[in-house]
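Please take the sequence and the model below side by side, and follow the chain through a few of its strands, loops and helices.

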Amino acid sequence: MSRRLSRTLNVLLLVAMMLFITCSGFIGVTSCSSRNFEPGIMLTFDDKEIENWYSARDLFNKYHAKATFFITRSYLLTEDELSMMRALQEDGHVFGSHGYDHKNAIEFLKSSSLDDYIKEEITPSIQLMTEKGFEPMGFAYPYGSHTSELDHTLLKYFSILRATVVTTSEVRIKNLNKAYISKNNMSKIIYGVGIDDSYGNTLKEIMEGIDRAKKNGEILVFYSHVIKEKPDHDEKYVTSKSILEEILKYTSAKGLKFYTASEIGNLVE
Ligand SMILES: [Zn+2]
């Protein structure tokens, strides 16, 4: 063997060892993908508010923010809505499934089988969205309604499942551990905390929650529905545009990453 070849082999061996050490993290717990683990937030929006979400396109772009939109009743999507979705997808946003007909899974299972749930709510939704060019990698449970049996089964269809978690008078966002993804707590089932005005989480509390993500190197998961200047009288499920902008501005100023369902899915693989 020539000296040059032997030196090249030594360098290759060294690189391979370094990669192995980085990926295995010495103790064998940290996976290779966690090398890319950066603190951040994940913004998710549920239902089918395409035109409304599209109206926030410039706002998202202003802060280089990416979101995940979980779509239900995709059989009702119009051509106009599909083109708006394509534009959002080109901007880097991601679409997931929120069920074929927004059925409450636990309620459904009281009178029907899990097989029926998959046949009615899951496979037609994946098929239709895929046909329209939006293959869903993630799923958000309507009403946050799920069981561990559902989780287990649905993970055969999706790489990430999003449920919900609520704040209480004692446990506010910054202490709501379930809403955080951390290197030591990576699961394919993630929990979003609501930021619609009606959930009663103040901007200050949301910011404190983001501060924790930055401090601990975690990812905070949010969910929301409609984006509007202001909710109409007694209208629920609306995130005020000004609140959303403050969240985007704050996250971006803190140098945190905006994660989509695809990125989280890759991270927890
Ligand atoms: Zn919903």
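Tyr143 is partly exposed, because 15 other C-beta atoms lie within 10 Å of its own, a count that falls between the 12 or fewer of an exposed residue and the 20 or more of a buried one. This residue sits in the loop between β4 (138–140) and α7 (148–154), and its phi is near 65 degrees, a positive value in a residue other than glycine. The model is a predicted one, and these values are computed from it.

Another loop residue can be described in similar terms. Arg73, found in the loop between β2 (67–71) and α4 (79–90), has a positive phi of about 50 degrees although it is not a glycine. Arg73 is partly exposed, with 15 other C-beta atoms within 10 Å.

From this loop the reader can step back to the strand that precedes it, β2. Because 5 of the 5 residues of β2 are buried, the strand is largely enclosed by the rest of the structure. In a regular strand the side chains alternate between the two faces of the sheet. In β2 both faces are covered, with Ala67, Phe69 and Ile71 buried on one side and Thr68 and Phe70 buried on the other. Strand β1 (residues 40–47) runs parallel to β2 and is joined to it by 5 bridges, and within this pair Leu43 stands opposite Ala67. Strand β2 also pairs in the parallel sense with strand β3 (residues 94–97), over 4 bridges, where Phe70 has Gly96 as its bridge partner. Between β2 and β3 the chain passes through α4, and this β-α-β crossover is right-handed.

Further along the chain, strand β7 (residues 189–194) is mostly covered, since 5 of its 6 residues are buried. Strand β5 (residues 160–165) runs parallel to β7 and is joined to it by 5 bridges, with Leu161 standing opposite Ile189. Strand β7 also pairs with strand β8 (residues 219–224), again in the parallel sense, over 2 bridges, and here Val193 has Phe222 as its bridge partner. The chain goes from β7 through helix α8 (residues 203–216) to β8 in a β-α-β crossover that is right-handed.

One residue of β7, Tyr191, counts as buried because it has 20 C-beta neighbours inside 10 Å. Tyr191 and Arg162 are 29 residues apart in sequence, yet their C-alpha atoms are 5.5 Å apart in space. Leaving aside neighbours within four places in sequence, Tyr191 is in contact with Ala163, Thr164, Val165, Lys178, Ala179 and Val221.

Helix α8, which the chain follows on its way to β8, contains Glu205, a residue that is partly exposed, with 17 other C-beta atoms within 10 Å. Glu205 touches Arg172 and Ile173, not counting residues up to four places away in sequence; Ile173 is 32 residues from Glu205 in sequence and 6.3 Å from it in space, C-alpha to C-alpha.

The path ends in the largest nonpolar core, which has 57 residues, and of these Ile41, Met42, Ala179, Ile219, Leu220, Val221 and Phe222 touch the most other members. The largest share of this core, 5 residues, comes from β8. Ile219, one of the residues just named, is in contact with Pro39, Gly40, Ile41, Met42, Tyr180, Ile181, Ala213 and Tyr259 when its neighbours within four places in sequence are left aside.

Definitions and conventions
Residues are numbered from 1 along each chain as its sequence is written. This is a predicted model: local features need pLDDT of at least 70, side-chain atom pairs count only at pLDDT 80 or more; totals for chains, interfaces and linings use all residues. Two strands pair if DSSP finds at least two bridges between them. A crossover is right-handed if, with the strands pointing away from the viewer, the path from the first strand over the helix to the second runs clockwise. A nonpolar core is a set of buried Ala, Val, Leu, Ile, Met, Phe, Trp, Tyr and Cys residues joined through C-beta atoms within 7 Å. Two residues are in contact if their C-beta atoms, placed from the backbone, lie within 7 Å.
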